[in-house]
Amino acid sequence: LELKLLADVGLVGFPNAGKSTLLSIISAARPKIGHYPFTTLQPNLGVVALGDFSFVVADIPGLIEGAHRGVGLGFDFLRHVERTRLLIHLVDAAGVDGRDPLEDFQKINDELRLYQPELAKRPQIVALNKGDLLGPELMEDIADQLREAGVEEVFTISGATGEGVPALLDAVLPLLGDIGIARQAFEDFDDEEEPEAEDKPWSPL
C-alpha cells in the first residue's frame, strides 16, 4: 500500500542541524527548539505560503549514522522521510557538535540509500545552515567542498537570522511544480493531520 503523504517537503539532517528553527521562521509552526540532540521526536508540520502557492513542510526528527538499521529510532524517522516528495537537506556548517559538514552530508545520504535506494534519488535541495556563526568566506569554502562532491547547487543560510532563506524557498517552488505538487496546502491531509497553525507569508521577523 502507498504511504499517505505527510508533507510536500521534508527537512532532513543530523540532530541540531537547525531544522526546527528553520520551520519556525518559514511557517507559523512553533516546534520545540533546544540545543541538544533529539529535541524533535515526532514530525512537526508547517505551512509555507509563497504568493499564490503554499506547501506543507515537515521537520523530520534528526537522523544519525546507522539509522537504516534502526539506530536512534531510525526506522521510525526514515518512514517519515518516505512520506515526503522533496527533501531539504540541512547541513550544520558550523559543526557545533564536533562533526564535519561534508561527512554529515554524505552520511545522511548513505542512510537514505541503505534504507531505500529510491530515497537517495528523491529531489533534494542542500542548504548549509548556521552561517551567522561562520561568516560568508568559510561558508563558501564548505559550499565549494559540497560542489566538488557532486552537489550542483548549495544554498548558504542562517536559520537564526533568516539570511539566505528567501532564496532557498524560491528554489523549492519550481521543483514542487516540476513534480506536480505546488498546490493548495491541505489537499492531502485528513482532519487530524492538518497543521493547527494558520498560513502566513514567510518573514524573517
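Two strands are counted as paired if DSSP finds at least two bridges between them. The legends below refer to a predicted model.

**View 1. Strand S1 (9–12) and its pairing with S3 and S4.** Strand S4 (86–92) runs parallel to S1 and is joined to it by four bridges. S1 also pairs with strand S3 (53–59), again in the parallel sense, over three bridges. Gly10 has a partner on each side: it stands opposite Leu87 in S4 and opposite Ala58 in S3. Val9 and Leu11 point one way from S1, whereas Gly10 and Val12 point the other way; all of these residues are buried.

**View 2. Surroundings of Thr84.** Thr84 lies in the loop that links helix H2 (74–82) to S4. With a relative accessible area of 2%, Thr84 falls under the 20% limit and is therefore buried. Its side chain reaches the backbone oxygen of Val81 at 2.8 Å. Leaving aside residues up to four places away in sequence, Thr84 touches Leu5, Ala7, Asp8, Val9, Gly10 and Arg122.

**View 3. The largest nonpolar core.** This core has 26 residues, of which Leu22 and Phe55 touch the most other members. Two or more residues each come from S1, helix H1 (19–26), strand S2 (44–50), S3, S4, strand S5 (124–129) and helix H7 (165–178). H7 gives the largest share, seven residues.

**View 4. A separate nonpolar core.** Apart from the largest core lies another, of 17 residues. Among its members are Leu6, Ala7, Val12 and Ala58. Of these, Ala7 is also one of the residues touched by Thr84, and Ala58 is the residue of S3 that stands opposite Gly10.

Key. Residues are numbered from 1 along each chain as its sequence is written. This is a predicted model: local features need pLDDT of at least 70, side-chain atom pairs count only at pLDDT 80 or more; totals for chains, interfaces and linings use all residues. Side-chain values use heavy atoms; hydrogens and water are left out. Buried means under 20% relative accessible area, exposed over 50%, partly exposed in between (1.4 Å probe, protein chains only). A polar contact is a pair of N or O atoms within 3.5 Å; within protein, one must be able to donate a hydrogen and the other to accept it, and residues adjacent in sequence count only if both atoms are side-chain atoms. Contact means heavy atoms within 4.5 Å. A nonpolar core is a set of buried Ala, Val, Leu, Ile, Met, Phe, Trp, Tyr and Cys residues joined through side-chain atoms within 4.5 Å.
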